[in-house]
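Hi,

Here is the structure I promised to pass on. Have a look at it first, and then read my notes below.

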Amino acid sequence: MSATVFCGDADEAVAGVSDGSTVLVGGFGLAGMPFDLIDALIRQGATDLTIVSNNAGNGDHGLAALLAAGRVRKILCSFPRQSDSWVFDGLYREGKIELEVVPQGNLAERMRAAGAGIGAFYSPTAVGTPLAEGKESRVIDGRTYLLEYPIKGDVALIGAHRADRAGNLVYRKTARNFGPVMAAAADTTVVQVEEVVDVGTLDPEAVVTPGIYVDRVIATPTRRFAVEGAR
């Protein structure tokens, strides 16, 4: 029997998130961002959060709304600035939020390492740049690498296309992005899906995230998190 809990609404799904938690938030821009879970987290009230995501929010909704509510102490991301990142820009300029820039490949691999139980790994990315400052380096086969450590989350909030009653997940096109590695890297994984189906409905070969990594699921008719940008 699956240990996945199917919640009645988003507020139930994010209940218990503690102040000071590290929260992994799926999404590549708007594609795959779990808007309903983020809105529920704002209502839930947890603060002093460390957010790990690809970017630092778009416009005034989703992750940007969480930042605007003053709930985030620090963000780790690859692309903090873009044309519609005015919420983050304002907070950063005022010294109200900390930023750690992580190259995109390293961001994904650091979370994958956490899920796989890997203690650390060497990567050539960022060698010779300011991002290398303070990091241990090693020359391997004549090439310089930096030591990178896993990024583990207390909670992951991700969006998927469908879940079955065992918690297995499939994604829709680019909405897949960081969801699979985040699901494995967090103590508690909370998933927003468009539809929950019976066990046996999903093609086993199409399942990307096994239910063993999924703790809570909500089904929502809101499709913007999966559709926007998922071409």
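How many bridges join strand S10 to S13? There are 3 of them, and the two strands, S10 covering residues 162–164, run parallel. (Strands, of at least two residues marked E, and helices, of at least four residues marked H or I, are DSSP runs numbered from the N terminus.) One of the contacts is easy to find: Arg 162 has Glu 195 in S13 as its bridge partner.

Before going further, a word on what you are looking at. This is a predicted model, so local features need pLDDT of at least 70 and side-chain atom pairs count only at pLDDT 80 or more, while totals for chains, interfaces and linings use all residues. Residues are numbered from 1 along each chain as its sequence is written, and side-chain values use heavy atoms, with hydrogens and water left out.

Back to the sheet. It is an open one made of 3 strands in the order S11-S10-S13, with mixed pairing (two strands pair if DSSP finds at least two bridges between them). S11 (169–170) and S13 (195–197) are at the edges with a single partner strand each, so one side of each has no neighbour in the sheet.

Now the charged side chains. The count comes to 11 salt bridges, a salt bridge being a side-chain nitrogen of Lys or Arg within 4 Å of a carboxyl oxygen of Asp or Glu. Glu 100 is a good place to start. Its side chain meets that of Lys 74 in a salt bridge, 3.3 Å from N to O. Glu 100 sits in strand S5 (residues 98–101) and Lys 74 in strand S4 (residues 72–77), so this pair ties together parts 26 residues apart in sequence.

Glu 100 also forms a salt bridge with Arg 110, with the closest N and O atoms 3.5 Å apart. That pair links strand S5 to helix H5 (residues 104–116), where Arg 110 lies, 10 residues away from Glu 100. Arg 110 is buried at 10% relative accessibility, whereas Glu 100 is partly exposed at 26% (buried is under 20% relative accessible area, exposed over 50%, partly exposed in between, with a 1.4 Å probe and protein chains only).

Two other spots to look at: Glu 94 and Lys 96 meet in a salt bridge at 3.1 Å, N to O, and both residues are exposed. Asp 48, Arg 73 and Glu 98 are linked in a salt-bridge network.

Finally, the cysteines. The whole structure has 0 disulfides (pairs of cysteine sulfur atoms within 2.5 Å). Cys 7 is buried at 12% relative accessible area, and Cys 77 is buried at 0%.

Cheers
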